[in-house]
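With the structure open in your viewer, please follow the stops below in order, making each selection before reading what is there.

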Amino acid sequence: MTPRINILTLFPEAIYGMLGSSITGNALKNGIFELNCVQIRDFTQNRQRQVDDYPYGGGMGMLMQADPLYRAWESVAGKGRVHTVLMSAQGHVYTQKDARRLSLCDSLCIVCGHYEGVDRRFIDECVDEEISIGDFVMTGGEIPALAVVDSIVRLLPGTLADESCYTDESHWSGVLEYPHYTRPEEWHGRRVPDVLLSGHRENIRKWRRTQALLATRERRPDMFSALELTEEDLALLAAADEKE
């Protein structure tokens, strides 16, 4: 079954414009996933196509109304159940683990919030989880939704040339990625590490693993502390520390 990603948004043209290009665009053209952007304003019941209103109890800003959102959501959910995500600053922070989990969904609905937020009743009735892409606030959910969809699509079989294109990357196995180099061998006085020019696959593998572990320990101690280090990992780190 081809995965279907539905996005409820006030700016469908922005979604199509971004996801219709590059790697995600090719995946879309090749039928690896289906994309359905739903204009929330199409489901209002007033001439102004209004989707927001003042919050009860007062306060700054406007809230997205429950009913237009519900009607838009219902148009994609139908009689079945679609896993529904609200992009929200109050959600749990998105990780590669979430991307892997969501990439297994046959039907996914991502709701792009706006203004000061969304009527809580819609969230309680229709939303399975709230997701944030970081501890900061944006003016709308479209950019976060794009980030989530991009991270999901690249994990779908057939999107990338080989599975190793993403299994070797940062966060997949709990470590940051090792550094990369390409031609020329020397640039601005900086040389490519000799081991990468050696052609010795085992030495290259060990070097890359060492660099990944060192980068994780230095930049993301929270990730490093959660790692289950193997005996080889400990030996590689000890050898690297001894060289310093």
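Select Thr-159 together with Val-153, and look at the polar atom of the Thr-159 side chain, which lies 2.8 Å from the backbone oxygen of Val-153. This is a predicted model, so the distance is read from predicted coordinates. Thr-159 sits in the loop between helix 6 and helix 7 (164-167), and it counts as buried because its relative accessibility is 14%, below the 20% limit for that class. If you set aside the neighbours of Thr-159 within four places in sequence, the residues in contact with it are Ile-23, Ala-27, Ile-32, Val-153 and Arg-154.

Next, display the largest nonpolar core, which has 27 residues, and highlight Ile-5, Ile-7, Leu-35, Leu-102 and Ile-110, the members that touch the most others. At least two residues of this core come from each of strand 1 (4-9), helix 1 (12-19), strand 2 (34-39), strand 5 (83-93), helix 4 (96-102), strand 6 (107-112) and helix 6 (142-153). Which of these elements gives the most to the core? It is helix 6, with six residues.

Keep Leu-102 selected and show what surrounds this residue: apart from neighbours within four places in sequence, Leu-102 is in contact with His-83, Tyr-94, Leu-108, Glu-129, Ile-131, Val-148 and Ile-152. A second core, separate from the one just shown, has 21 residues, among them Val-38, Ile-40, Ala-66 and Val-127.

Now turn to the surface and select Ile-133, Phe-136, Met-138 and Ile-143, which form a nonpolar patch with about 350 Å² of accessible area together. Within this patch, Ile-133 belongs to the loop between strand 7 (129-132) and helix 6, and it counts as partly exposed because its relative accessibility is 30%.

The last stops concern backbone geometry. Most residues other than glycine have a negative phi, and most peptide bonds are trans. Select Arg-49, in the loop between strand 2 and strand 3 (52-53), where phi is positive, near 55 degrees; this residue is partly exposed, with a relative accessible area of 35%. Then move to Tyr-115, in the loop between strand 6 and helix 5 (120-126), whose phi is also positive, near 60 degrees, and which is partly exposed at 36% relative accessible area.

Finish at Pro-184, in the loop between helix 7 and strand 8 (186-187), and inspect the peptide bond leading to it from Arg-183, which is cis, with omega near 5 degrees.

Conventions. Residues are numbered from 1 along each chain as its sequence is written. This is a predicted model: local features need pLDDT of at least 70, side-chain atom pairs count only at pLDDT 80 or more; totals for chains, interfaces and linings use all residues. Side-chain values use heavy atoms; hydrogens and water are left out. A nonpolar core is a set of buried Ala, Val, Leu, Ile, Met, Phe, Trp, Tyr and Cys residues joined through side-chain atoms within 4.5 Å. Buried means under 20% relative accessible area, exposed over 50%, partly exposed in between (1.4 Å probe, protein chains only). Helices (H or I, at least four residues) and strands (E, at least two) are DSSP runs, numbered from the N terminus. Contact means heavy atoms within 4.5 Å. A polar contact is a pair of N or O atoms within 3.5 Å; within protein, one must be able to donate a hydrogen and the other to accept it, and residues adjacent in sequence count only if both atoms are side-chain atoms. Patches are made of residues with over 30% relative accessible area and no salt bridge: like charges are joined within 9 Å, nonpolar side chains (Val, Leu, Ile, Met, Phe, Trp, Tyr) within 5 Å. Accessible areas come from the Shrake-Rupley method with a 1.4 Å probe; for residues, only the protein chains shown count as cover. A salt bridge is a side-chain nitrogen of Lys or Arg within 4 Å of a carboxyl oxygen of Asp or Glu.
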